[in-house]
There are 2 protein chains.
Amino acid sequence: MQQDPLKSFGLRLVQLRKSKGLSQEKLALESGIARSYLSGVERGQRNIALLNIHKLADTLGIPASSLLELPDD
Amino acid sequence: MQQDPLKSFGLRLVQLRKSKGLSQEKLALESGIARSYLSGVERGQRNIALLNIHKLADTLGIPASSLLELPDD
């Protein structure tokens, strides 16, 4: 396991969200996920489950597997 | 979102587990995950979260992202 999978996921999510030009608020709204929850996910403080990973991936227009790849340095 | 992300994940996990020659019992034991829970995950009945996805991927010796790819037909 990499050092902290939750932090890596959060970083990766932020990178992908920004690459799509989406604000945190807009991603939350379009995914049907509470913004406070999304904020916690992006900070690596939430152990997000599969269905929410898929909701985010769908909104970002990417495969869910891509969200689990390592973030860019 | 694909038809049922939980069922897809379960199928994919079964395929990868078998490709490694691991029984469900052995994968559960080595991952530190209850076998009854793992069984539910493989049947698409559990909304598995990120830390457990990583535990399974580590035991299988694959990147976590690989577990979220679509199963083979």
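This is a short dialogue on reading a predicted model with chains A and B.

Biologist: Where should I start? Which residues of chain A does the UniProt annotation "domain: HTH cro/C1-type" cover?

Modeller: According to the unreviewed UniProt entry, that annotation covers residues 13–67 of chain A. Now look at the span in the model. It is 69% helix and 0% strand. Its end C-alpha atoms lie 6 Å apart.

Biologist: Next, the interface. How is the size of an interface often given?

Modeller: People often quote the accessible area that is lost when the parts come together. Here, about 1700 Å² is buried between chain B and chain A. Carbon and sulfur atoms give 73% of that area. The contact takes 18 residues from chain B and 18 residues from chain A.

Biologist: How many salt bridges does the rule find across the interface of chain B and chain A, and how many residue pairs are in polar contact?

Modeller: Zero salt bridges are found there. Six residue pairs are in polar contact between the two chains, both partners being at pLDDT 80 or more.

Biologist: Which helices of chain B each supply at least two residues of the side that touches chain A?

Modeller: They are helix 1 (5–19), helix 4 (50–60) and helix 5 (64–67) of chain B. Helix 4 gives the most, with six residues. Sort that side of chain B by class and you get eleven nonpolar, four polar and three charged residues.

Biologist: Stay with helix 4 of chain B. Which of its residues are buried?

Modeller: B:Leu50, B:Asn52, B:Ile53, B:His54, B:Leu56, B:Ala57 and B:Leu60. Then ask what covers them. The cover includes helix 1 (5–19) and helix 4 (50–60) of chain A. From chain B, it includes helix 1, helix 2 (24–31), helix 3 (35–42) and helix 5. After helix 4 of chain B comes B:Gly61, with a positive phi near 70°.

Biologist: Now single residues. Why does B:Leu6 count as buried?

Modeller: Buried means under 20% relative accessible area. B:Leu6 has 11% relative accessibility, so B:Leu6 counts as buried. This residue lies in helix 1 of chain B. Leave aside neighbours within four places in sequence, and B:Leu6 is in contact with A:Leu50, A:Leu51, B:Val41, B:Gly44, B:Arg46 and B:Asn47. B:Leu68 is 62 residues from B:Leu6 along the chain, with 9.9 Å between their C-alpha atoms.

Biologist: And A:Ser66: buried or exposed?

Modeller: A:Ser66 is buried, because its relative accessible area is 11%. Find A:Ser66 in helix 5 (residues 64–67) of chain A. Setting aside neighbours within four places in sequence, A:Ser66 is in contact with A:Arg12 and A:Leu16.

How values were computed. Residues numbered from 1 in each chain as written. Chains lettered and ligands numbered in written order. Predicted model: local features only at pLDDT ≥ 70, side-chain atom pairs only at ≥ 80, totals over all residues. Heavy atoms only, no water. UniProt positions renumbered as here; feature names shortened; annotations may be inferred. Helix = DSSP H or I, 4+ residues; strand = E, 2+ residues; numbered from the N terminus. Contact = heavy atoms within 4.5 Å. Buried area = accessible area lost by both parts, 1.4 Å probe. Salt bridge = Lys/Arg side-chain N within 4 Å of Asp/Glu carboxyl O. Polar contact = N/O pair within 3.5 Å; in protein donor to acceptor, adjacent residues only side chain to side chain. Nonpolar A, V, L, I, M, F, W, Y, C, P; charged D, E, K, R; others polar. Buried < 20%, exposed > 50% of the residue type's maximum accessible area, 1.4 Å probe, protein only.
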